[in-house]
Amino acid sequence: MLQNFTLGAFSQGVSGGGGAFESIASATGTGSNASITFSAIPSTYQHLQIRFVAKNTTAASDASFAQMAINGSTTASNYAYHELYGNGTTVSASGASNTIPYYGTVVRNNATSIVGVGIIDIHNYASTTQNKTIRIFTGNDRNGSGDLLLWSGLYNSTSAITSLTFYANLTSSTTTYFTTATEFALYGIKGA
C-alpha cells in the first residue's frame with residue numbers, strides 16, 4: 001500500500017541557521033506502508049535535503065539497502081551511481097549505471113531498538129536544464145556490526161524533481177513495510 005504525503009498539508013516554515021534550511025514536510029512509518037512519498041515539492045529552493053531514521057518489518061536482525069524513486073521513476077536507465085562501503089571488517093567501492101538507487105540502510109525489525117540513519121542531498125533539484133546530482137551518507141550500528149555507505153549518484157533527467165518516494169526495501173517489494181520507528185524529514189535549502 002502506497003502512503004502518499006502531499007506537502008501542502010504538512011508545510012511548515014522553520015527559520016534557523018540564517019533561514020538557510022526550511023522544513024517542508026515530514027512523514028512517519030505506520031507499520032503498514034511499503035513506501036513514503038513526498039509529492040508536490042515546491043520549486044522555490046536551491047537544493048533539497050532529506051534526513052531519515054528507518055526500520056522495516058522484515059524478520060531479521062541485519063540491515064538491507066532500500067531503494068528510492070525520483071518523480072515516480074523506477075526505470076533503471078534514469079540512474080547511475082558510485083559508492084564507498086564499509087562494515088567494520090571490509091571496505092569496497094563500486095559503481096553502476098542503469099540501477100535504481102539505494103538511499104540508505106534500513107535496519108530489519110528483529111534488531112531491537114536499532115535503526116538505519118541517513119542524510120540525502122539533492123542539488124539543483126528544480127533545474128530544468130541540468131541532470132540532478134545526489135549525495136547520500138547513511139549507516140547503522142548493530143552493537144558490534146553495522147554498515148557505512150557514502151553514495152553519489154545521477155538522476156539522468158532535466159525535469160524538475162517534484163516527488164520523492166522511499167521504499168522500505170526494494171521497489172519491487174510490496175510485503176515489507178516501515179515500522180513506526182521510521183521518520184523522514186524533507187528540507188529546502190535556500191541559495192546564497
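Start by selecting D121: at 10% relative accessibility it counts as buried, where buried means under 20% relative accessible area, exposed means over 50%, and partly exposed is in between (1.4 Å probe, protein chains only). What you have open is a predicted model, in which local features need pLDDT of at least 70, side-chain atom pairs count only at pLDDT 80 or more, and totals for chains, interfaces and linings use all residues. Residues are numbered from 1 along each chain as its sequence is written, and side-chain values use heavy atoms, with hydrogens and water left out.

**First stop: the salt bridges**

Keep D121 on screen and add R135. Their side chains meet in a salt bridge, 2.9 Å from N to O; the term asks for a side-chain nitrogen of Lys or Arg within 4 Å of a carboxyl oxygen of Asp or Glu. R135 sits in strand β10 (residues 132–141) and D121 in strand β9, so the bridge ties together parts that are 14 residues apart in sequence. Helices (H or I, at least four residues) and strands (E, at least two) are DSSP runs, numbered from the N terminus. Unlike its buried partner, R135 is partly exposed, with a relative accessible area of 45%.

How many salt bridges does the structure hold? There are two. For the other one, select K190 and E22, whose side chains meet at 2.7 Å, N to O. This pair links distant parts of the chain: K190 is in the segment after β13 (183–189), E22 is in strand β2 (residues 21–28), and their positions lie 168 residues apart in the numbering. K190 counts as partly exposed at 41% relative accessibility, while E22 is buried at 18%.

**Second stop: the rings**

Now show F38 and F166. Their ring centres are 6.5 Å apart and their planes are at 70°, so the pair is edge-to-face. To pair at all, rings of Phe, Tyr and Trp (its six-membered ring) need centres within 6.5 Å; planes under 30 degrees apart count as stacked, over 60 as edge-to-face and the rest as tilted. Trace the backbone from one ring to the other: F38 is in strand β3 (residues 35–39), F166 is in strand β12 (residues 164–167), and they are 128 residues apart. Both F38 and F166 are buried.

Next, pick F178 and F184. Here the centres are 5.6 Å apart and the planes are at 75°, so this pair is edge-to-face too. F178 counts as buried at 0% relative accessibility, and F184 counts as buried at 1%.

Add F52 to your selection, and you have a cluster: ring pairs link F38, F52, F166, F178 and F184. The structure holds seven aromatic pairs.

One more ring is worth a click. The charged end of R51 sits over the ring of Y187, 5.7 Å from its centre; this calls for NZ of Lys or CZ of Arg within 6 Å of the ring centre and within 35 degrees of the ring normal.

**Third stop: out to the surface**

Switch on the surface and colour L84, F137, L148 and L150. Together they form a nonpolar patch with about 360 Å² of accessible area. Patches are made of residues with over 30% relative accessible area and no salt bridge, with like charges joined within 9 Å and nonpolar side chains (Val, Leu, Ile, Met, Phe, Trp, Tyr) within 5 Å. Areas come from the Shrake-Rupley method with a 1.4 Å probe, and for residues only the protein chains shown count as cover. Within the patch, L148 is in strand β11 (residues 146–155) and counts as partly exposed at 42% relative accessibility.

**Fourth stop: three loops**

Select A40, in the loop between β3 and β4 (47–56). Its phi is near 55°, a positive value in a residue other than glycine. Most residues other than glycine have a negative phi. N98 is another one to check: its phi is positive as well, about 60°. You'll find N98 in the loop between β7 (91–97) and β8, partly exposed at 47% relative accessibility.

Then jump to I114, in the loop between β8 (102–108) and β9 (116–123). Is I114 buried or exposed? Buried, at 11% relative accessibility. The C-alpha atoms of I114 and V53 are separated by 9.5 Å, with the two residues 61 apart along the chain.

**Last stop: zoom out**

Colour by secondary structure to see one helix and 13 strands. Of the 192 residues, 47% count as buried. The accessible surface comes to about 8,600 Å², with 51% of that belonging to carbon and sulfur atoms.
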